[in-house]
Structures are given as structure tokens and as C-alpha cells.
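Me: I would like to learn how to read a protein model. Could you take me through this one, feature by feature?

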Amino acid sequence: MLRSAATNLLRQADQNLGHSSFNLQFVRYRRKPRWLPVAKSKMFRIPEHPEQSDEEKAELLRLHNHYRTQMRSVRLFLREEAQRIRQTSSADHLVMTPEEEEAEFQKCVAINDEWNKKISEERNQRLEADLQKTKEFVDERLEAFRERKEEHIENIDAIVKAEKEMAKTFITREKLDEAIETALANPIDYNFSIDLKRNMYHGRLTRPEKEQRQLEAAN
Amino acid sequence: MSVVKLIGRKTDFRGKTLWEIVGNLKNFGVGRVVVRNMFERYPEKSFMRILKVEAVPNEEIRKVKVTVEKTFRGVTSQKPVVIFSSSYKADFKLIPKDEEAEYCKVSNTKKQVILSPEMDLPPLLREFVIDETKQTNPRMKVHFKENLNKLSRLAKEGEKPNLEVPIGLGTPVSPKLYENCL
């Protein structure tokens with residue numbers, strides 16, 4: 001039954017293979033899966049065990065006993081060795097005396113100091129350069145700010161100057177009568193007219209020259 | 001005479017569970033002798049004399065707690081042993097009263113194995129160790145776990161061991177098997 005199901009699936013896979021990524025790989029279940037019961041045909045089969053003679057049994061027992069002891073002993077040996085190495089040394093030395101350890105430590109400290117010194121020099125140089133750069137930048141910005149401010153003040157001065165100049169012509173209370181008289185004396189006519197040729201004629205009563213002439217002639 | 005034909009798989013067990021034996025006896029069989037069929041394969045005598053029987057709650061069907069004086073391979077243990085976890089095994093046999101004396105006669109005991117506390121290293125490891133430590137003949141400890149049931153022990157200081165675990169084949173028990181190979 002299982003095999004027929006698998007065959008069906010495989011057939012489907014063959015059909016689909018041409019145009020899809022549906023791909024079946026059958027690796028397991030060459031035999032019956034674990035959860036299925038014993039096959040009907042195998043139900044009453046009794047596996048035959050090979051007969052062992054007493055000599056063979058005794059010899060195999062001896063060999064197995066020895067093998068197990070050997071393996072356990074080797075494991076014990078390696079375990080103890082590993083533990084010893086872990087306790088006594090870091091890398092190549094198996095054993096180190098306290099003096100050697102101290103010397104090793106001092107050596108490490110010296111190397112570390114050297115590295116620190118080198119790195120600190122590099123860092124100082126870098127910081128110095130950074131400081132210089134920042135200074136230049138700040139100076140530049142300050143200069144620019146100063147220039148901008150000066151320009152601004154100049155502009156303001158110019159405006160004030162212009163305003164002061166203008167203030168001379170302002171109509172004050174004292175000048176009011178005079179201004180009214182002047183205005184009355186010099187009326188300004190803002191009216192104008194335009195003809196079809198876009199000629200502009202200022203003044204309320206201004207006419208084109210031709211018409212003007214005709215009018216004058218008529219008068 | 002009827003012929004008995006056994007069908008099905010073989011089993012190494014032969015007999016009854018301990019409760020089947022003990023539950024049918026007067027005073028639960030205290031003082032009687034039971035035997036495990038499995039232990040009858042040894043040439044030395046193994047048997048158990050019942051000292052005390054305790055029934056257990058009904059959850060543990062087939063099981064019973066029996067304290068016995070155990071003799072295994074001719075060696076009688078010092079302390080009484082409690083059989084509980086193996087009591088369900090259908091491998092026990094009751095010795096009839098009239099055969100007890102005959103059965104319990106211990107003629108020979110298992111020879112105690114005295115293991116050498118050290119053994120040779122395997123060849124390649126040996127080469128490595130010699131290379132590293134400059135020892136001429138490095139040896140390693142023999143792994144041995146103390147256990148009350150064991151009929152073997154490690155040799156003490158100055159004692160002569162009767163078994164040195166070899167690396168390699170060693171001396172065969174049955175040289176006949178190696179006749180044409182060695």
C-alpha cells in the first residue's frame with residue numbers, strides 16, 4: 001500500500017516537474033516505517049540465532065571484557081591528561097613555576113605598556129590635528145560672522161542716510177499750509193486715454209494732435 | 001505420551017515470577033530457597049534464601065519485595081539483598097525442600113580476579129606520550145568501578161595481580177579458534 005502511494009506521488013511529481021519546482025526526493029523508508037506493525041508474512045518468522053560453542057563464547061567474553069576495560073582506561077587517561085593541562089598550563093608549557101608565571105606576566109605588562117604608549121602617541125597626534133582643524137573652522141566662521149555683521153550695519157546705515165535725506169521733504173505741521181498752496185498751485189492730472197494704436201494721451205482733456213489741430217482750426 | 005511443541009520466539013527466561021512462587025507458600029516462603037534460571041549457566045552454585053517478604057501496592061502488579069541472602073557463583077554476600085526491580089521476571093524457580101541441602105552445597109567458588117592497576121598504552125598514544133614526556137615505558141591507570149556485586153578488584157600495593165589487561169590480543173582462552181591464523 002505504502003509503495004503504491006509512493007508511486008502515485010512520484011507519478012504526480014513527474015507530471016509537475018516540467019513547469020514547477022515541485023521535486024520529491026525519496027531517501028528514507030526503503031523498508032517499513034517504525035510505527036507500522038510486523039508484516040503479516042513475517043508475523044510467525046523466528047530469526048535463527050547462530051549457535052556459539054562454549055569455547056567461542058568464552059573467548060568472545062574475554063575479548064569484550066578486555067576491549068571495554070581498554071577503552072575506559074584510555075578515556076580515563078585522556079580525561080586526566082586534559083584536566084591536568086587545563087589546570088597547569090595555558091598553551092605550550094605543561095607546568096609553570098610561580099616565578100615563571102610572574103616573569104610571563106611582567107613580559108605581558110611590558111608589551112601592553114608599549115602598545116599603550118604607541119596608541120597614546122597616535123591618539124595625541126590625532127587629537128592635536130583635530131583641535132587645529134576645529135580652531136581653523138571656528139576662526140573662519142567668526143570671520144564670516146563679523147563680515148556679515150559689518151555688511152548688515154552698512155546696509156542699515158545706508159537706509160538711515162537715505163531716510164534722513166528723505167526726511168527733508170516730509171510735510172510737517174509748519175510746512176502744511178505751504179504744501180497745500182503748492183499742491184493747489186500745481187494740480188497733477190493722472191488721467192490718460194489710449195487709442196487703438198496704443199498711443200497714450202496724458203491728461204483728462206488731452207486729444208490726439210491731429211484732432212487737436214482740427215479743433216483749433218475750427219475755433 | 002503427548003508431544004510438547006513450543007512455537008514463537010525463544011526466551012532466555014524459564015520459570016515463574018517471584019510473586020507466583022512466594023504467594024503460594026506457607027508464611028510466604030520464608031526460609032525457602034529460590035533460584036534464577038539465568039544464573040544456572042555458571043559452573044558455580046547460585047541461589048537465594050528468602051529472609052523476608054513484603055507485598056507492594058497494587059500499582060506494581062507482578063512485583064514483590066523480597067529480602068534474600070544471596071549466594072552468587074559460590075560467594076555468599078555479607079549483607080542481605082532486596083529483590084524488587086527484577087522480581088517480575090518469570091525466571092525464578094523454587095527448590096523443593098528435600099533437594100535444598102543437596103542444591104545448596106557449595107563446592108567451588110568463583111576465583112576472584114585481581115586486576116593489575118596499570119596497563120600499557122595503545123601503540124600510537126604510547127608513541128605520542130614517549131615523544132612528549134621522554135618516559136621509556138609510560139603506563140596508564142586501569143579503569144575500575146567499585147561495586148559490591150563484583151567478583152574482581154584492583155591489586156593492592158605490593159600484591160601480585162592475576163590478570164593484566166593487555167593491549168592487543170593477549171593470550172586466548174581457546175587457542176583452538178586461532179589455529180590457522182596465528
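Reply: Happily! Helices and strands are DSSP runs, with at least four residues for a helix and at least two for a strand, and they are numbered from the N terminus. Keep in mind that this is a predicted model.

Me: How many helices and strands does chain B have, then?
Reply: Chain B has three helices and 10 strands. Reading from the N terminus, their order is α-β-β-β-β-β-β-α-β-β-α-β-β.

Me: Which element of chain A has the lowest mean pLDDT, and which the highest?
Reply: First, the general idea: where pLDDT is low, the predicted coordinates should not be read in detail. In chain A, helix 1 (residues 2-17) has the lowest mean among the elements, 52, and helix 3 (residues 98-167) has the highest, 96. For chain A overall, the mean pLDDT is 85, with 84% of its residues at 70 or more.

Me: What should I look for inside a protein?
Reply: In soluble globular proteins, nonpolar side chains tend to be buried together. Here, the largest nonpolar core has 15 residues, and Leu18(B), Ile21(B), Val22(B), Val34(B), Met48(B) and Val66(B) have the most contacts inside it. Helix 1 (18-22), strand 1 (33-36), strand 2 (47-54), strand 3 (65-72) and strand 6 (92-94) of chain B supply at least two residues each to this core. The largest share, four residues, is from helix 1 of chain B. There is also a second, separate core of six residues, with Phe77(A), Met119(B), Val142(B) and Val165(B) among them.

Me: Which residues does Val34(B) touch, leaving out those up to four places away in sequence?
Reply: Val34(B) touches Ile21(B), Met48(B), Ile50(B), Phe92(B), Lys93(B) and Leu94(B).

Me: How do I read the place where two chains meet?
Reply: You can start by asking which residues each chain brings. In this model, chain A gives 14 residues to the contact and chain B gives 17. The chain A side divides into five nonpolar, four polar and five charged residues.

Me: And what can phi tell me?
Reply: Most residues other than glycine have a negative phi. Arg62(B) has a positive phi near 75°, and this residue sits in the loop between strand 2 and strand 3 of chain B. Arg73(B) has a positive phi too, about 55°, and lies in the loop between strand 3 and strand 4 (75-76) of chain B.

Me: Why does Arg62(B) count as partly exposed?
Reply: A residue needs 20 or more other C-beta atoms within 10 Å to be buried, and 12 or fewer make it exposed. Arg62(B) is partly exposed because it has 13. Arg73(B) has 16 such neighbours, so it counts as partly exposed as well.

Technical notes: Residues numbered from 1 in each chain as written. Chains lettered and ligands numbered in written order. Predicted model: local features only at pLDDT ≥ 70, side-chain atom pairs only at ≥ 80, totals over all residues. Contact = placed C-beta atoms within 7 Å. Nonpolar A, V, L, I, M, F, W, Y, C, P; charged D, E, K, R; others polar. pLDDT = per-residue confidence, 0-100. Core = buried A, V, L, I, M, F, W, Y, C linked by C-beta atoms within 7 Å.
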